[in-house]
Each structure stands twice: as structure tokens, then as C-alpha cells.
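Colleague: Please take a close look at the second largest pocket and its surroundings. Which residues line the pocket, and where do they come from?

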Amino acid sequence: MLQLTQQLGSGEMRVQEVPAPMCEPGMVVVKNHYSLISAGTEASSVRAARSNLIQKAKQRPAQLRQVIESVKRQGLKATYRAVQKKLDAYSALGYSCAGEVVEVGEGVLDIACGDLVACAGAGYANHAEIVSVPANLCVKLPPDADLRLAAFNTVGAIALQGVRQSEIRLGETCIVIGLGLIGQLTCLLLRSAGARAIGIDIDPWAVAFANQHTADIAWERGDASLDSRIVQITEGLGADAVIITASSDSTDPINLAGSLARQKGRVVIVGAVPTGFERDAYYRKELELRMSCSYGPGRYDPVYEEHGLDYPPAYVRWTERRNMQAFQELIQHGRLPLAKLVTHEFAFADASKAYELILGRRERYLGILLHYDAVQPLLRRPVLIQEAPSRASSVSIAFIGAGSYAQSNLLPHIPPSQSLVRRAVATSNGATSKRVAEKFGFECCTSDASELIARSDINTIFIATRHDSHARYVVAALRAGKRVFVEKPLAMSLDELNEIEAAYRDARLQGFQPVLMVGFNRRFAELARTVKRALGCGGPVAMLYRINAGLIPVSHWIQDPVAGGGRILGEACHFIDLMTFLCGALPVRVFASALPSPAHLPDVVTATVEFANGSIGSLSYCANGSKVIEKEYLEVHGSGRSAILRDFRSLELAQGGGLRKSSLRTPDKGQPAMVREFLHALETGSAAPIAFDEICAVTRATLAIMQSLRERQAIAL
């Protein structure tokens with residue numbers, strides 16, 4: 001399929017072939033007929049992408065601070081790689097479209113193939129021939145719906161939510177500051193609700209358009225008699241509500257709103273404006289200032305948007321989906337004359353011309369539509385990047401999942417080799433698949449992971465997807481006779497782990513020597529191996545491992561009990577594996593306790609791990625600490641020797657009366673060596689770098705931490 005993409009680094013924009021999305025549970029696959037360019041939002045993205053690096057840094061001071069902090073913690077090389085990855089990526093444009101449903105995912109009950117729908121959501125309702133959208137960001141339309149107008153879905157819901165936040169009533173007066181597309185839509189919605197809509201803008205053309213098509217009356221911001229006009233038209237009362245839909249770095253819109261609103265009136269911010277208002281008017285009038293969040297309740301809530309869990313109407317009457325439905329009903333009943341707002345329409349193949357129009361500002365515009373060739377059938381096929389090499393190879397690899405971690409810590413460390421062929425990349429995002437395949441030299445890209453597992457010319461699968469799919473892909477790959485590398489965690493439950501062990505055993509019974517490797521990279525770190533050598537085999541050791549992990553928002557996918565399993569399940573396995581490696585024995589017993597957590601799952605946990613040779617380890621995972629101290633701190637003591645390892649960057653070794661210190665210029669957490677040793681084992685036919693029983697024991701110990709927290713008792717493994 002074709003999709004419009006741009007690169008953040010160069011600003012290059014093009015319509016290119018990428019893999020069509022798969023139909024996942026809870027999703028709806030739609031063949032686009034129309035998509036709407038949100039000129040304000042998307043133009044800002046394009047201008048930012050086309051700016052130079054210094055300008056980008058000035059535009060994003062928060063991200064610049066993150067880069068500086070990353071250099072301090074991770075080193076210049078790792079930070080450069082992470083930044084370059086973002087600059088090189090193909091990013092999708094667009095977030096409002098309408099079309100025909102061609103596939104429906106499991107669990108979607110109110111939409112069927114053949115239905116017409118309007119869709120919303122950045123990253124979902126893109127400018128592309130085919131899109132995959134969560135059910136709660138998709139509304140069903142009547143068979144005779146005008147899809148040109150239905151494509152206004154997202155901006156219409158944004159405007160409608162702003163009107164709802166204003167609590168405007170029949171016969172009241174509302175001022176709209178900013179008469180771009182959302183401002184004009186807001187005026188139409190106010191008038192359809194029986195309110196008087198007054199528009200204000202600095203642009204004479206926008207004011208003239210509003211006076212002719214959308215508002216009861218509109219004035220230029222520079223009109224010297226503006227205040228007196230408002231006083232006159234409201235009979236001295238002032239506006240009952242003011243909705244700010246402007247985008248500006250100035251505080252003038254919010255100060256103007258304060259001066260024009262009536263006593264105890266409401267000011268609603270929809271657009272991107274500063275909120276550092278002058279206090280006097282807001283104080284004297286006891287004004288109420290409200291923020292309007294995008295399409296409405298449910299926005300940015302993964303439980304609502306991704307998992308499809310609706311809010312009960314009795315408690316949340318207008319969710320983002322119900323806002324979209326209400327907007328579409330207004331269109332269907334002829335209450336919103338949106339056709340006047342369509343100033344331009346382009347064929348999808350000419351999408352770049354639409355953006356040149358916006359950036360060049362040689363013509364005036366509001367609603368800009370892209371129309372698609374909807375006759376073309378849905379075809380899912382790999383997108384060829386380069387011809388396959390003719391040479392024979394002992395290792396032919398494919399990646400399932402290629403997100404931030406894989407691009408920064410796995411793919412760059414795959415060495416060039418005559419015995420290794422890079423076959424394919426599969427991700428849920430077609431643009432990501434394409435860019436990763438191009439950048440790292442793969443033959444093709446796809447969105448169908450099962451196709452890669454089934455291919456006979458691929459013998460090694462790297463799995464770097466979200467945690468909830470790891471076990472499923474591992475089992476499928478082992479049963480297909482593939483060698484497997486999977487990012488941690490290996491499994492999210494004992495049932496999943498048991499299924500993996502069964503698949504591994506079955507492969508051996510069938511005469512195939514399975515290879516399974518988990519991304520426990522820390523045991524491959526240079527300083528960790530130095531600690532291992534220094535301790536020798538002198539007997540049991542005592543280990544203290546403190547992780548200063550820092551906060552992650554509750555809304556992050558790793559905090560989702562379904563998709564991520566929580567931070568302990570997702571990360572503690574790393575640290576248990578390193579302790580297992582250092583003491584040379586498997587974990588046999590676990591006891592854990594935790595602080596209460598605002599997240600769904602605990603992220604401040606202390607666990608005691610006992611090992612088969614008598615060693616003990618104390619693991620403290622803390623999400624509530626200061627960023628000033630190091631992230632990882634490890635002490636190991638045994639047989640009169642001690643080691644202190646800080647952030648895999650500095651090491652202190654003490655024995656007898658001597659203390660030896662060593663350090664690295666940049667942290668080394670072992671990823672390069674881990675990837676090299678795994679691939680070397682495949683090329684030479686030797687055993688995997690980590691024994692299968694160690695991988696399973698570490699996974700069981702990690703699962704036992706969660707069980708111990710639930711049951712408040714020690715868990716024997």
C-alpha cells in the first residue's frame with residue numbers, strides 16, 4: 001500500500017510503498033476514501049522537520065535537556081545513535097479520515113466488513129491507502145454518508161469537545177478567538193446549538209470567511225472598537241464563554257478572553273497558547289479557566305483507546321467516540337454546512353503539493369482533503385528493499401518487532417558476515433518496517449510476522465515486540481524449527497513458560513537442536529565479566545543490587561498489566577540473571593515486599609533471592625529515587641573479596657589490603673558482546689551463550705517475585 005511519510009531529520013516527504021497493516025484484536029482495518037489535512041497541526045510538524053538541528057533544539061528545550069542527560073548517563077555514542085534513530089525514522093502524517101471497513105479484529109462487535117466509518121487518532125488515521133484503527137477511535141456511518149465531509153471527523157470532535165467544555169446554553173453568546181479550521185468549525189457548532197457565535201482573528205481573510213459562512217459576526221483583533229462592539233452586542237454583559245482555538249506564542253489570546261468574558265464566565269483553551277495570563281480580569285470576574293483535551297474523555301487513555309474498554313454513559317456521557325458520533329450525526333442531518341470549509345482537494349499521489357500549498361501560503365486555505373483510489377484491492381505482500389544475495393549462508397535472520405531498543409541496541413551490533421543474510425523485518429507499523437529494512441540492509445519488510453516464521457529461507461528469528469507477544473512468537477518459532485533470540489521477559493506467566501519449555505522439549509525429541517537466547521545482556525558486560533573472574537570459585541557470595549529506575553508514567557505501555565506486565569516482570573529478570581551468572585548457581589527461593597504504588601503494578605520492590613550453592617542476593621528496584629545518583633549499583637562479597645560496580649562504567653575490586661579501580665569512557669551493558677556471541681554460536685553450531693535451564697530458572701524467579709508480593713510469603717522454585 002501507499003503511505004505519506006516524512007523524515008524528522010531532513011523533512012523529506014513522499015508517498016511510498018510500505019506494508020499494509022495486519023488486523024489485530026480490537027482493531028478495524030479501513031480502506032481510505034478521504035483523509036483531511038489538519039493544516040495547523042501538520043504544518044507545524046513539517047516546518048519542524050525541515051528546520052536545522054539548532055532550530056530543532058530551540059523548538060524542543062525539554063527534549064534537548066533529555067539528550068544532555070542521556071549523554072551524561074549513557075555516553076555520547078549511545079545518545080547519538082538514539083537521536084539519529086529518531087531523525088532517520090519515517091513518521092506518519094494525518095489523523096482524520098473516512099473510508100470502508102475491509103477487516104474487523106477479534107472483539108469488535110458493532111462494526112462489520114463493508115461498513116463505512118470515520119476514523120481518528122495520530123498514528124492510526126493516517127494519510128495512507130489502508131489504516132488500522134482501534135474500535136473506540138472509529139465510528140460507523142450510514143450507507144449514504146458523504147465521506148468527504150465525514151473525513152473532518154477528528155477536528156470536528158476537537159471543536160465539539162471545546163464547545164462542551166464551555167457549557168454554552170441556548171441563547172447565550174460565545175466568542176471564538178482564532179478562526180482557523182477548528183475555530184470555524186466551533187462557530188458552526190455553536191450556531192447549531194442555538195448560541196450566538198462571535199469570531200475574532202488577526203487575519204482579515206479568516207474574519208471575512210467567518211462572516212460569510214460560519215459565525216453570526218466576526219471582527220479583526222486589531223479593530224480599535226472591538227471591546228465596545230462586544231459590550232454593545234451583549235448588552236453590557238460580556239460573553240458567557242470564550243473558546244480559544246488560536247495557536248500562538250503570545251499571551252494576547254488568553255488576556256483578551258479575560259477582558260471579553262462576563263462576570264463568572266468561562267474561558268476554554270482548545271488551541272496551543274500560553275496560559276500565563278494577567279490576573280486582574282480573571283480575579284475580579286471570578287472567571288473559570290478550562291482546558292479542553294483533544295477529542296474528549298478517553299483520549300490518551302490506553303485502556304480506552306487500545307483495549308476498547310468504554311466508560312459508562314451514565315458517568316461519562318460524552319467520550320471521544322461519542323463526540324465523533326454526535327459530530328457525524330450533525331453532518332448527516334444537514335446541521336453543519338461543512339462543504340464550505342473544503343477549500344482544496346488533491347489526489348493522494350499529489351499529497352506533497354498540498355503541503356507545499358500550506359507552507360508556501362500563496363493561497364488561502366481551510367479544509368484540505370486527499371482522495372484515494374478506493375477501487376484497488378487490499379493486498380498484503382512484502383515490500384522488496386534489495387535483491388537477495390546469491391551466496392549460501394548458515395545464518396539467515398529476520399526481526400519481528402524493531403522499535404527503539406532493537407534499533408539502538410541489537411541491529412547496530414549485527415556484524416557484516418559472509419555467512420549471515422538479513423532477510424526481513426516485520427513490525428506493526430509499515431513505515432517503521434520499511435525504514436529499518438533500508439537502514440540495516442534487509443531484503444524486504446512486511447507487517448505479517450507469521451509469514452517470516454513460516455519462510456523456509458529464514459532460520460533465525462529475533463523477537464523484539466511488546467512483552468505480551470514474546471512467548472507466543474517464541475513457541476511458534478521453536479515449533480517451526482527456528483533458532484530464536486527474544487528480548488526479555490521470556491514469558492509473562494508460568495503457563496507461557498511451561499508452553500515454551502514444552503516446545504523446546506518437542507523440538508529435541510524431533511531431532512532438532514533448538515537454540516533459544518534471551519536478551520540478558522548484563523552478563524556480557526566487560527566489567528561484569530571482570531567481577532566474575534575476580535571472584536573465582538571460592539564459595540557462596542552475597543550480592544546487593546540496587547536499581548534507581550526512576551518514574552515511568554502509569555499510562556506507559558510497560559505499566560499495562562496486559563501489554564507490559566509491569567516494570568518488575570519486565571526488568572527484574574535482567575538483574576536476577578546477572579546475579580545468577582556471578583554466583584554460578586540457579587535461584588531456588590524468592591521473597592519480596594513492596595511499597596504501595598500509584599501504578600497498576602508495584603515498582604518499588606525489594607526481593608531476596610537464594611541460590612542453589614548458598615549464595616544470596618538482595619535486589620532493590622526503586623522508582624522513587626533521585627536522578628542524581630547512578631541508576632545501577634551492585635556490590636558482591638565473598639571469600640574475602642569485594643566488588644562494587646556502578647552503572648557498568650566504574651568498578652572497584654578489593655582483596656586483602658588492596659583496592660583496584662577501573663573505569664570505561666562510556667557505559668557498557670553488554671549488548672554488542674551478547675549479539676556477537678549469539679551469532680557466533682549459530683555460525684559455529686556451538687551451544688547458546690546462556691543455558692536453557694538458566695533462562696527458565698531466571699524467568700521462574702522473576703515470576704515468583706510477583707507471586708510473593710501477592711501471597712506475602714517466600715516462594716520455592
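Modeller: Two residues are in contact when heavy atoms of theirs lie within 4.5 Å. By that rule, and not counting residues up to four places away in sequence, Ala 215 touches Cys 187, Arg 191, Ala 197, Gly 199 and Ala 210. I shall return to Ala 215 after describing the pocket.

The model is predicted, so local features require pLDDT of at least 70 and side-chain atom pairs pLDDT 80 or more, while totals for chains, interfaces and linings use all residues. Residues are numbered from 1 along each chain as its sequence is written, and side-chain values use heavy atoms, without hydrogens or water.

The protein chain has 23 helices and 32 strands (DSSP runs of H or I with at least four residues, and of E with at least two, numbered from the N terminus). Its C-alpha atoms fill a box of roughly 90 × 60 × 50 Å along the principal axes. Of the 717 residues in the chain, 53% are buried (under 20% relative accessible area; over 50% is exposed, and values in between are partly exposed, with a 1.4 Å probe and protein chains only). Among contacts with a separation of 6 or more, 68% join residues 24 or more positions apart.

Now to the pocket itself. A pocket is an open set of points, on a 1 Å grid over the protein atoms alone, where a 1.4 Å probe fits and protein lies on both sides within 12 Å along at least five of seven lines; its lining residues have an atom within 4 Å of a point. The second largest pocket has a volume of about 1600 Å³, which is the space filled by probe spheres set on the points, joined across faces, edges and corners. Its lining consists of 46 residues, and those nearest its centre are Gly 40, Gly 180, Thr 245, Ala 246 and Ser 247. Two or more lining residues come from each of helix H1 (39–50), helix H6 (153–166), helix H7 (181–192), strand S10 (196–201), helix H8 (204–214) and helix H10 (252–260). The largest share, 6 residues, is given by H1. Sorted by class, the lining holds 23 nonpolar, 14 polar and 9 charged residues (nonpolar: Ala, Val, Leu, Ile, Met, Phe, Trp, Tyr, Cys and Pro; charged: Asp, Glu, Lys and Arg; polar: the others, Gly among them).

Several of these elements can be followed further. I begin with H10. The helix is largely enclosed by the rest of the structure, because 7 of its 9 residues are buried. Those residues are Pro 253, Ile 254, Asn 255, Leu 256, Ala 257, Gly 258 and Leu 260. For Asn 255, a relative accessibility of 17% is the reason it counts as buried. Leaving out residues up to four places away in sequence, Asn 255 touches Phe 277 and Glu 278. Asn 255 and Asp 280 are 25 residues apart in sequence, and their C-alpha atoms are 9.7 Å apart in space.

After H10, one may look at strand S13 (residues 261–269), which contains Lys 264. The phi of Lys 264 is near 60°, a positive value in a residue other than glycine. Most residues other than glycine have a negative phi. Glu 167, in the loop between H6 and strand S9 (173–177), also has a positive phi, near 50°. Glu 167 is partly exposed, because its relative accessible area is 36%.

We can now place Ala 215 as well. It sits in the loop between H8 and strand S11 (217–220). At 3% relative accessibility, Ala 215 counts as buried. Lys 140 is 75 residues from Ala 215 along the chain, and the two C-alpha atoms are separated by 29 Å.

Lys 140 leads in turn to Gln 328 in helix H13 (residues 320–332). Gln 328 and Lys 140 are 188 residues apart in sequence, yet 9.2 Å apart in space, C-alpha to C-alpha. Gln 328 is buried, with a relative accessible area of 9%. Apart from neighbours within four places in sequence, Gln 328 is in contact with Ala 118, Val 139, Leu 141, Ala 150 and Asn 153.

To return to the pocket, its lining draws on H6, H8 and H10, among other elements. Of the residues followed here, Asn 255 is in H10, Glu 167 lies in the loop between H6 and S9, and Ala 215 lies in the loop between H8 and S11.
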